[in-house]
Amino acid sequence: MGTAASPALEKKLGRSPGLIGMIVFGIALLVGVVYTGVSIAQDLGDIKNASIFPFLLLGVALLTALGFEFVNGFHDTANAVATVIYTHSLEPHVAVVWSGFCNFAGVLVSSGAVAFGIISLLPVELILQVGSGAGFAMVFALLIAAILWNLGTWYFGLPASSSHTMVGSIIGVGIANALMNAKSGTSGVDWEQAQKIGESLLISPLIGFGMAALILIAAKAIIKDKRLYEAPVGTEPPPFWIRGLLILTCTGVSFSHGSNDGQKGMGLIMLILVGTVPTAYALNHAVTASQTADFLATSQQTVQVVSKYVNPNASIGDARDDLTNYIRTKEFDDNTMLALRQYVNQVGNEVKGFQMLKNVPRDRMGNLRNEMYVISEAIRLIEKSGKTQFTADDKKVLANYKKHIDLATKFIPTWVKVAVAIALGLGTMIGWKRIVVTVGEKIGKDHLTYGQGAAAEITAMITISTADMLGLPVSTTHVLSSGVAGTMAANHTGLQWATVRNLLMAWVLTLPVAMMLSGFLFWAFRGMTK
Amino acid sequence: MTETTQDLDALLAAYKSAVEEWVATIREEENFATPDHSMKEWEVWDQAGFKEEDARDKAKEAREAYVNALREKLYNF
């Protein structure tokens with residue numbers, strides 16, 4: 001300590017790291033902001049509204065949703081960059097700019113499937129009235145609750161799971177909504193998600209700790225280069241191949257984060273857009289005449305297919321009530337298939353009358369979207385439940401029909417992707433230090449070696465790429481932090497138990513705290529909007 | 001901000017000085033624990049304990065400042 005730095009180090013300290021990256025990203029940011037602004041102006045240009053209130057509401061809601069993505073960005077940066085920084089594989093500022101860019105790219109190429117998956121966890125009655133006070137109370141409550149918990153854990157340098165926070169917030173709103181409307185129990189709450197988080201709390205640390213420890217032990221047995229298992233000397237980067245591997249995993253984790261977490265904000269932004277300016281965003285105006293004709297043909301086929309499975313004892317009621325009740329309770333009854341047939345027929349006739357979706361009158365857009373949403377969700381849940389044994393051909397018809405109605409309602413304008421990509425990318429580059437320091441310095445009692453960094457990050461990368469495939473409910477954040485701990489244990493260097501205790505506490509508390517926060521906020525906002 | 005060797009030396013010296021002060025307050029606190037098991041002596045001992053806590057916080061702050069500077073030098077952030 002206190003000795004003169006080497007010329008190479010002085011040179012490194014003297015230059016402005018990541019400058020080129022910042023310039024490139026700055027240009028991308030400027031182009032993105034201009035593009036987003038122009039796109040919103042074009043979309044809203046035709047809307048004649050006497051009141052400025054919906055536009056103000058839209059602005060505030062959009063900023064809140066983008067704020068959520070921004071916080072998500074800096075909260076989760078450590079998963080991708082902590083190990084490359086502490087192994088000197090990349091300069092810190094280069095690492096975060098690179099990670100931000102990969103997040104940005106990940107958002108842009110994302111499909112949107114996760115975005116609408118998140119929406120399907122929300123109480124159906126609130127989705128169907130998203131333009132009302134209750135709908136906005138829901139969106140603001142869950143966004144603000146998620147932002148608050150993410151900011152709180154970030155302030156204390158605790159890498160908690162952003163996904164668990166979001167799911168907790170959604171469940172909280174569901175419970176509050178059920179209680180406030182005196183629904184039977186909490187039937188509208190997706191408890192399956194809470195169970196998955198419970199499993200994740202057990203599985204993630206085990207996978208992270210165990211796999212990273214095993215990789216390090218195996219590496220020590222196979223690769224005899226001692227430098228890999230000692231703390232970095234000075235600021236020397238690791239051997240070329242380890243460095244390449246770490247940069248590759250940093251890239252993969254950042255990209256996956258962008259393509260996955262970015263979508264959570266997108267789904268909520270779409271809800272906000274549908275709620276505030278349904279004329280522009282309730283239905284996909286890009287659906288062509290030939291696609292509409294295809295839809296009408298498929299609609300007729302679907303009516304015939306569903307007819308085969310209608311229970312002869314079913315009685316005609318209110319199709320919408322029957323289907324929304326089914327979506328909320330997941331209780332399939334005699335009337336469900338009949339209601340589905342009736343609704344598919346009704347929507348087909350409506351679309352036939354308008355010829356094209358963009359011809360749908362303003363006052364019908366929101367309603368038609370809701371009808372399509374209810375049908376899509378009902379088909380998804382009926383197939384998932386396995387209560388009805390469709391033939392392979394019938395399944396194809398249903399899938400084709402669902403694809404068509406999802407094209408009309410589950411779309412994400414490019415400017416939404418660009419705005420989210422900017423928010424997430426910028427967030428990744430700002431405020432990352434707190435959690436990076438925790439992961440790099442405060443979990444183990446020794447400095448991270450090249451081998452430990454590689455083992456932990458490879459574990460995170462393998463987990464991300466296989467979790468979806470195997471359906472494992474794991475959190476990348478938990479896996480990486482546990483992975484660092486696992487490599488410390490495998491090295492017999494010991495753990496900083498105060499940090500480990502705080503981490504475990506934050507992980508366990510994330511779900512209940514997010515639930516309580518969002519539930520309380522929903523109740524408070526409902527009180528304000530009544 | 002990059003850290004020069006002089007900055008690091010200054011932070012190290014501040015840390016060492018804070019630790020010395022902390023050690024002195026520990027000794028002082030220990031000295032106030034006497035066989036006179038009275039309320040008055042307990043009060044005095046308690047006050048020395050609070051002083052020790054303040055000195056410990058200062059030493060931890062000085063350590064944090066030095067660690068941050070080392071991180072700036074060795075990891076560049």
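A colleague and a modeller talk through a predicted model, chain B first and then parts of chain A.

Colleague: What are the ground rules for this model, and what is left out?

Modeller: The model is predicted, so local features need pLDDT of at least 70, side-chain atom pairs count only at pLDDT 80 or more, and totals for chains, interfaces and linings use all residues. Residues are numbered from 1 along each chain as its sequence is written, chains are lettered from A and ligands numbered from 1 in written order, and side-chain values use heavy atoms, leaving out hydrogens and water.

Colleague: How many helices and strands does chain B have?

Modeller: Helices (H or I, at least four residues) and strands (E, at least two) are DSSP runs, numbered from the N terminus. By that count chain B has zero strands and two helices.

Colleague: Is chain B spread out or a compact globule?

Modeller: Take the radius of gyration over C-alpha atoms, and set it against the globule rule, 2.2 Å times the number of residues to the power 0.38. For 77 residues the rule gives 11 Å, and chain B comes to 17 Å, well over that, so chain B is more spread out than a compact globule. The C-alpha trace spans, along its principal axes, about 55 × 15 × 10 Å.

Colleague: What share of the contacts in chain B with a separation of 6 or more comes from residues 24 or more positions apart?

Modeller: Contact means heavy atoms within 4.5 Å. Counting those with a separation of 6 or more, residues 24 or more positions apart supply 69%.

Colleague: What percentage of the residues in chain B is buried?

Modeller: Buried means under 20% relative accessible area, exposed over 50%, and partly exposed in between (1.4 Å probe, protein chains only). Of the 77 residues in chain B, the buried share is 26%.

Colleague: How far apart do the centres of the positive and negative side chains of chain B lie?

Modeller: Lys and Arg count as positive, Asp and Glu as negative; His and the chain ends are not counted. Each charge is placed at NZ of Lys, CZ of Arg, CG of Asp or CD of Glu. Chain B has 19 negative and 10 positive side chains, and the two centres are separated by 5 Å.

Colleague: Now chain A. Which residue forms a salt bridge with A:Arg380?

Modeller: A salt bridge is a side-chain nitrogen of Lys or Arg within 4 Å of a carboxyl oxygen of Asp or Glu; the count is 13 over all chains. A:Arg380 is partly exposed at 27% relative accessible area. Its partner lies three residues away, about one turn, in helix H15 (residues 362-385). That partner is buried at 2%, and the closest N and O atoms are 2.8 Å apart: A:Glu377.

Colleague: Which residues meet A:Asp406 in salt bridges?

Modeller: A:Asp406 is buried, with 16% relative accessible area. One partner is also buried and sits four residues away in helix H16 (residues 392-409), about one turn. The other is partly exposed at 21%. The N to O distances are 2.9 Å for A:Lys402 and 3.9 Å for A:Lys410.

Colleague: Which residues does A:Ser376 contact, leaving aside neighbours within four places in sequence?

Modeller: A:Ser376 is in helix H15 of chain A. Its relative accessible area is 0%, so A:Ser376 is buried. Its contacts are A:Lys402, A:Ile405, A:Asp406 and A:Lys410.

Colleague: A:His88 and A:His492 both have a positive phi. Which of the two is exposed?

Modeller: Most residues other than glycine have a negative phi. A:His88 has phi near 60 degrees and lies in the loop between helix H3 (53-86) and helix H4 (92-109). At 7% relative accessibility, A:His88 is buried. The residue with 73%, in the loop between helix H20 (476-490) and helix H21 (497-529), is A:His492.

Colleague: Which residues does A:Lys445 touch, not counting residues up to four places away in sequence?

Modeller: A:Lys445 lies in the loop between helix H18 (433-441) and helix H19 (450-470). At 60% relative accessibility, A:Lys445 counts as exposed. It touches A:Met488, A:Thr493, A:Gly494, A:Leu495 and A:Gln496.
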